[in-house]
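Subject: Handover of a structure with its ligand

Dear colleague,

Please find below the sequence and structure that I am passing on to you. My notes on the findings follow directly after them.

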Amino acid sequence: MTEYDIAVIAGDGIGPEVTREALKVLGVAGDVFGFHVRGTEFPFGTDHWLATKELFPDPAFEEVRGMHAVLLGAIGDPRAPVGLVEHGVIMRMRVGLDLYVNLRPVKLYDARLCPLKDKRPEDVDLVIVRENTEDAYTAKPEFLNKGGPDEVSSQPMRYTRKGTERIIRYAFELARKRNKHRKLLLIDKTNALPAQDLWTRVFAEVAREYADVKTEHAYIDAACMWMVKNPEWFDVAVTTNLFGDIITDLGAMVQGGMGIAASGNIHPGRVSLFEPIHGSAPKYAGKNVACPVAAIMAVSMMCEYLGQRPAAVAIEKAVIDLLVSRRLKGVGTGDHPTNEVGDLVAAELKKVPARV
Ligand SMILES: NC(=O)c1ccc[n+]([C@@H]2O[C@H](COP(=O)([O-])OP(=O)(O)OC[C@H]3O[C@@H](n4cnc5c(N)ncnc54)[C@H](O)[C@@H]3O)[C@@H](O)[C@H]2O)c1
């Protein structure tokens with residue numbers, strides 16, 4: 001039987017509750033499809049930091065590096081300085097493990113979840129590929145005359161040719177493999193930010209190797225407008241770290257909200273991280289009201305990444321069937337007790353004829 005070692009970082013707030021449900025589903029998927037997942041839990045997050053002042057010690061980081069994948073719940077808690085633990089745990093892995101692809105499927109499972117008028121599941125089925133290791137996010141912030149009337153702060157948007165090329169190439173491959181409209185959209189803001197001309201040039205160069213993939217271009221402001229007006233126009237889109245961060249939250253709302261949207265932080269062929277895109281929602285922590293569907297979709301993405309595509313598809317289908325039949329009332333806070341949702345999805349999966 002194929003075995004996988006995964007690191008589990010449940011983290012803060014609602015993280016542990018949604019992670020528990022995701023692991024429940026992953027375990028059942030393994031039983032049904034004939035693979036075994038060995039989860040190793042790591043305690044990193046705000047409680048651990050408060051108790052030890054440790055964020056992500058090197059020996060643990062190296063242990064994670066040797067695993068197949070990471071499942072992350074959420075990090076962030078008002079008891080710690082803003083961004084400290086998020087940076088020490090999430091950014092440490094994104095940058096330290098060189099997880100250069102942030103993969104964000106935006107798929108509407110049931111028309112009633114979409115806030116846009118008259119949009120159906122066939123209208124909302126796209127993937128955003130966000131560069132995950134460069135841009136202002138990994139540049140050093142600078143403050144001159146801090147606190148004074150002439151204060152200046154800066155944090156440059158920095159792109160390398162290698163970093164730009166590898167993410168664009170990944171996106172072309174995905175558009176080809178997905179084989180929907182075989183269309184790749186470049187989203188940038190070169191008209192106002194000429195530094196992004198590097199993206200324009202690299203996109204054109206790589207496109208020459210993918211004659212079967214149609215190319216399109218949109219500025220980020222227009223792309224946000226199209227996402228709301230005509231989401232059906234999108235197939236695969238590739239963009240910078242900052243713009244991707246913003247447009248993927250817009251995508252999350254179009255597909256039904258924070259309770260359903262999941263992402264992969266990927267370095268092809270290496271340990272990669274899967275997570276719900278929501279944060280730790282501290283006000284709902286411990287109340288058994290958070291929706292774990294996003295975390296469950298994160299394990300679906302993990303299964304796909306690990307080569308267990310039938311399991312990935314079955315998890316997604318179970319969620320769709322539950323939503324469409326209204327056995328899952330919704331993906332908002334309190335629509336169901338958190339633990340009930342994992343049980344519902346697990347029960348659906350058990351109906352799939354066993355493969356072993
Ligand atoms: N990847 C991560 O771990 C991650 C991502 C974003 C934010 N954060 C951190 O999380 C903390 C809280 O951030 P925030 O309040 O801006 O965003 P958040 O995503 O935690 O919560 C915003 C709102 O979204 C809704 N929501 C989120 N998750 C939900 C779920 N599973 N089910 C139902 N509703 C859900 C809730 O109404 C919640 O109040 C901060 O410390 C922030 O830094 C972490």
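In what follows, a residue counts as near the ligand if one of its heavy atoms lies within 4 Å of it. Please note that this is a predicted model.

**Ligand surroundings**

There are 22 residues around the ligand, and those that come nearest are Ile75, Glu86, Gly279, Ala281 and Cys291. By residue class, this shell divides into 11 nonpolar, seven polar and four charged residues. Two of the nearest residues face the ligand with backbone atoms: a polar backbone atom of Gly279 is 2.7 Å from an oxygen atom of the ligand, and a backbone N or O atom of Cys291 lies 2.9 Å from a ligand nitrogen atom. A side chain takes part as well, since a polar side-chain atom of Thr333 lies 3.1 Å from a nitrogen atom of the ligand. On its own, the ligand has 810 Å² of accessible area, of which the protein covers 67%.

**Helix H7**

Which residues of helix H7 are buried? In this helix, which spans residues 220-229, they are Ile220, Ala223 and Met227. These residues lie on the same side of H7, because they cover an arc of only 50° around the axis. The cover over the buried residues of H7 includes strand S5 (125-131), strand S8 (183-188), strand S9 (214-219) and helix H8 (241-255).

**Two buried positions, Met297 and Ser263**

Met297 belongs to helix H9 (residues 293-305). Its relative accessibility is 6%, so Met297 counts as buried. Beyond residues up to four places away in sequence, Met297 touches Tyr109, Ile260, Ala262, Glu316 and Val319. Between the C-alpha atoms of Met297 and Thr239 the distance is 23 Å, with 58 residues separating them in sequence.

Ser263 is part of strand S11 (residues 262-266). With a relative accessibility of 2%, Ser263 likewise counts as buried, the cut-off being under 20%. When neighbours within four places in sequence are left aside, the contacts of Ser263 are Asn102, Leu103, Arg104, Leu273, Phe274, Glu275, Ile277 and Met301.

**Loop residues**

Most residues other than glycine have a negative phi. Against that background, two asparagines deserve mention. Asn145 has a positive phi of about 55° although it is not a glycine, and this residue lies in the loop between strand S6 (142-144) and strand S7 (152-154). Asn288, also not a glycine, has a positive phi of about 60°; its place is the loop between strand S12 (272-276) and H9. Is Asn288 buried or partly exposed? Asn288 has a relative accessible area of 31% and is therefore partly exposed.

Thr133 is located in the loop between S5 and S6. Thr133 is buried, because its relative accessible area is 11%. Its side chain makes a polar contact of 2.6 Å with the side chain of Glu131. Setting aside residues up to four places away in sequence, Thr133 also touches Arg94, Asp98, Leu99, Tyr100, Thr138, Arg166 and Asn241.

With kind regards

How values were computed:
Residues are numbered from 1 along each chain as its sequence is written. This is a predicted model: local features need pLDDT of at least 70, side-chain atom pairs count only at pLDDT 80 or more; totals for chains, interfaces and linings use all residues. Side-chain values use heavy atoms; hydrogens and water are left out. A polar contact is a pair of N or O atoms within 3.5 Å; within protein, one must be able to donate a hydrogen and the other to accept it, and residues adjacent in sequence count only if both atoms are side-chain atoms. Accessible areas come from the Shrake-Rupley method with a 1.4 Å probe; for residues, only the protein chains shown count as cover. Ala, Val, Leu, Ile, Met, Phe, Trp, Tyr, Cys and Pro count as nonpolar, Asp, Glu, Lys and Arg as charged, and the others, Gly among them, as polar. Buried means under 20% relative accessible area, exposed over 50%, partly exposed in between (1.4 Å probe, protein chains only). Helices (H or I, at least four residues) and strands (E, at least two) are DSSP runs, numbered from the N terminus. The arc is that of the directions from the helix axis to the C-beta atoms. Contact means heavy atoms within 4.5 Å.
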